[in-house]
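Take a moment with the sequence and the 3D view. We will go from single residues to helices and then out to some loops.

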Amino acid sequence: MKSLSIVTGVLLCMVTACFAQGKAKRNYAGLVNTLIGTKGKGAGINERYLESGYTFPGAMYPFGMVQFTPTFFDEGKGFVVNQLSGAGCDHMGNFPTLPLEGKLNTSPDAMAQLGVKYQTLNACAGYYSVKLNNGIKAELTVTPRTGLAKYTAPDQSKNITVIIGSGINATQLQESHAQIIGNRVEGYADGGSFCSPKIKTNYRVYFVAEFNVTPEITGNWKNKKIEAGAQAVDGSNSGLYFTFNTSKQKVIQYKFAISYVSVANAKENLQTENKGWNFNQIIEQTQQAWNNYLGKIEVTGASSDRIIQFYTHFYHALAHPSLFSDVNGQYVGADEQKHQVNIPTYTAYSNWDTYRTQIQLLSLLAPKESGDMVTSLINFAKQSGGGWPRWVMANKETGIMQGDPTSILVANAYAFGARNFDKNAALDIMRKGAEMPGTRSQQELTRPQLEQYINKGYADASMSLEYNSADFAIAQFARQALKDNTLYGKYLKRAQYWKNLYNPLTGWLQSRNTDGSWKKYDEDWREASFKNYFWMVPFNLKKLIDTIGGKGKAEARLDSFFKRLNATYNQQWFAAGNEPDFQVPWVYNWTNAPYKTQVLVKRIIREQYTNRANGLPGNDDLGAMGAWYVFANIGLYPMMPGVGGFSINSPSFSLIKIHLPGNKKLIISGGNEQKAYIKQLLVNGKPAKSTWISLNEIMNGGELHYVLTDKAPQSNTFTVAPPFYD
């Protein structure tokens with residue numbers, strides 16, 4: 001991020017700058033540092049995916065349609081209207097806007113050479129303010145579908161010019177149109193691409209914007225040409241500009257709304273959510289929404305630095321999925337048709353990432369929203385060919401990543417409390433994708449290599465292991481949601497196909513050729529090595545451990561694996577920033593050394609996460625990493641696909657209050673930021689004998705009380721083995 005000048009040290013948003021606390025007892029919005037994850041650690045642009053969070057510092061609403069922010073990919077272009085939190089490749093960034101000092105005499109062209117730098121003044125939940133190097137102060141806030149900016153000119157200023165890049169985004173768009181109508185702008189643009197120019201996301205985003213002051217000069221630009229007085233412009237590298245007299249009027253306000261349906265819907269979104277110009281009122285409403293969500297977990301009894309990180313990661317976990325339907329209930333479906341619904345429709349699904357952590361957290365704390373998110377996926381599948389999508393942007397299945405992650409996500413949502421969706425329809429879609437080769441979502445196969453997987457019991461190694469977890473999740477969902485024990489048995493058997501990948505000559509899981517012969521040990525592992533993916537049998541760790549010679553050998557293999565915590569995708573150690581590794585620290589709970597999980601998780605938190613702009617070990621991936629951090633610090637990790645329960649570690653806070661649906665409360669006490677080892681755990685007053693806690697034990701509230709020590713135990717404190725399914 002060459003042109004972004006921000007504070008890279010510890011930053012605490014000042015409560016006074018974050019405005020009203022509303023009805024919340026504590027201003028959680030002010031405990032969020034939105035700069036965390038916005039920079040890398042210096043490995044270079046080609047390795048940003050390994051060492052940067054790809055987050056953004058600007059304003060957003062919980063699960064909101066709008067993200068009003070500098071884009072990660074080219075912040076010098078200004079403040080964009082849409083951006084995914086933590087997606088590790090170029091995308092979105094539509095309709096960038098920027099205030100410039102003086103009149104506009106040179107075309108902004110692609111807005112890439114404007115030389116604008118930012119000094120961050122405040123960056124917390126729902127509010128972002130910077131001082132630009134041209135002297136203008138910019139303040140941003142949002143509603144769910146709109147954004148509001150306040151630009152304050154320097155004292156000596158006579159004019160400022162606000163530019164809007166209608167034909168510009170973070171990639172390369174082809175189609176755009178914008179026109180000026182009085183103080184209003186309206187138009188549309190396509191979505192450009194995602195991750196690669198080959199992956200087109202040619203949705204349309206519609207846009208309306210207004211100013212509270214009448215400009216003296218308006219015009220357009222396209223490429224190198226600028227034209228004063230022009231009222232419309234089309235195509236790439238184009239936009240509109242508005243010059244204001246700031247001799248007396250120093251504050252210019254700018255607001256916009258978007259829609260993925262029509263300009264008319266964007267107008268309705270703006271009129272409904274952001275009718276006036278009361279900047280502080282919008283901030284207060286948005287921060288109250290953040291306080292309502294963030295206040296579902298109250299933590300005390302740790303350093304302010306740890307508390308800031310906790311609420312920032314929780315904040316990231318509440319960014320997506322994003323609203324996709326307008327205030328009138330309309331949205332464009334995966335079939336390119338306009339649909340009308342009476343519940344919110346969502347988009348932005350990074351399911352390969354989020355099935356592991358985020359959906360469990362959302363379903364536990366916000367089951368209504370989570371159920372609506374599942375319903376959105378069900379509708380997408382029905383509209384797109386009958387199969388689950390893997391990675392959705394707007395109404396497009398991008399096909400990114402592998403496996404059948406949405407089956408796992410839906411099963412996890414149900415297991416952790418989301419019930420307001422069509423369970424029969426969900427199971428039908430799961431089965432179609434798992435049983436019918438050729439099933440697609442739009443142009444993407446739901447399960448590539450499915451015919452081979454069914455007939456031979458394996459596919460390419462990492463893909464095959466993903467299918468095993470998906471089959472296990474389907475088994476659990478069939479039994480839990482629909483009481484179908486026959487399907488449970490069928491899919492549980494398929495889940496054990498991981499055994500077909502075990503090569504007794506090497507002691508590792510390996511990929512096979514179609515004739516059954518072994519491939520080289522390092523082939524067919526996507527975004528990880530064979531040592532990372534080895535442990536991805538979370539539903540049957542006992543059998544996996546027995547297969548390699550027992551708990552002692554598993555412990556030694558884990559010890560070697562954790563000698564490093566920051567491996568790249570192809571290195572053979574733990575990678576804290578990579579999803580296939582998320583669950584591995586808890587595997588020690590299936591050996592005779594669960595204390596190693598306890599000390600290891602503390603070490604990962606301490607060494608790989610900081611309260612700095614470069615404070616993440618990898619991509620946040622739409623809240624997947626944020627949710628990991630939340631679970632790791634409360635001492636409960638959702639280990640198994642489709643199973644409501646947790647593998648434990650020692651919590652970081654002396655007191656944690658989790659507000660569950662129905663006014664129920666789970667109290668977790670006795671945690672410590674420094675002490676790692678569990679001497680004793682009381683579950684509702686009774687000593688725990690296992691490192692596994694079923695959700696049924698705590699879903700109605702209760703108390704977990706930890707007694708921690710800084711000395712490793714001489715023997716295993718827990719005498720009952722955690723569960724496994726064979």
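Is alanine 475 buried or exposed? Keep in mind that the model is predicted. Alanine 475 has a relative accessible area of 0%, so it is buried. It belongs to helix 11. Leave aside residues up to four places away in sequence, and alanine 475 touches Tyr488, Tyr491 and Leu492. Now look for proline 641. It is 166 residues from alanine 475 along the chain, but the two C-alpha atoms are separated by 9.9 Å.

Next comes helix 8, residues 405-415. How many of its residues are buried? The count is 11 of the 11, so helix 8 is largely enclosed by the rest of the structure. The buried residues run from Pro405 at one end to Ala415 at the other, and include Ile408, Val410 and Tyr414. What covers them? The cover includes helix 5 (351-354), helix 6, helix 7 (367-384), helix 9 (423-435), helix 11 and helix 18 (695-698). After helix 8 comes glycine 417, with a positive phi near 125 degrees.

Two of these neighbours deserve a closer look. Two packed helices are described by the angle between their axes and the distance between the axes. Start with helix 6, residues 358-365. It packs with helix 8 at about 30 degrees, and the axes are 8 Å apart. Angles under 35 degrees count as roughly parallel, and therefore helix 6 and helix 8 are roughly parallel to each other. Their crossing is right-handed. Helix 6 brings Ile359, Gln360 and Ser363 to the contact, while helix 8 brings Leu409, Asn412 and Ala413. By class, that gives three nonpolar, three polar and no charged residues.

Now turn to helix 11, residues 461-482. Helix 8 and helix 11 pack at about 35 degrees, with axes 8 Å apart. This crossing is left-handed. From helix 8, the residues in contact include Ser407, Ile408 and Tyr414. From helix 11, they include Glu466, Ala473 and Phe477. The contact as a whole has 10 nonpolar, three polar and one charged residue.

Helix 7 offers another residue to find, glycine 371. Its relative accessible area is 0%, so glycine 371 is buried. It leads back to helix 8 through tyrosine 414: these two are 43 residues apart in sequence, with C-alpha atoms 8.2 Å apart in space. Glycine 371 also touches Ala418, Asn420 and Phe421, not counting residues up to four places away in sequence.

Helix 3, residues 279-294, allows a simple check of length. It has 16 residues, and at 1.5 Å a residue it should span 22 Å. Its end C-alpha atoms are 22 Å apart, which agrees. Among its buried residues are Phe279, Ile282, Trp290 and Leu294.

Finally, visit three loops. Between helix 4 (304-317) and strand 21 (322-323) sits proline 321. A cis peptide bond joins it to histidine 320, with omega about -5 degrees. Methionine 92 lies in the loop between strand 3 (79-80) and strand 4 (97-101). It is not a glycine, although its phi is positive, about 50 degrees. Its relative accessible area is 5%, so methionine 92 is buried. Cysteine 195 is in the loop between strand 12 (193-194) and strand 13 (196-200). Cysteine 195 has a positive phi too, near 70 degrees. With a relative accessible area of 38%, cysteine 195 is partly exposed.

Methods: Residues numbered from 1 in each chain as written. Predicted model: local features only at pLDDT ≥ 70, side-chain atom pairs only at ≥ 80, totals over all residues. Heavy atoms only, no water. Axes fitted to C-alpha atoms, helices over the stretch in contact; angles between N-to-C directions. Helix = DSSP H or I, 4+ residues; strand = E, 2+ residues; numbered from the N terminus. Parallel < 35°, antiparallel > 145°, perpendicular 65-115°, else oblique. Left-handed = near helix turned anticlockwise from the far one by under 90°. Contact = heavy atoms within 4.5 Å. Nonpolar A, V, L, I, M, F, W, Y, C, P; charged D, E, K, R; others polar. Expected span 1.5 Å × (residues − 1). Buried < 20%, exposed > 50% of the residue type's maximum accessible area, 1.4 Å probe, protein only.
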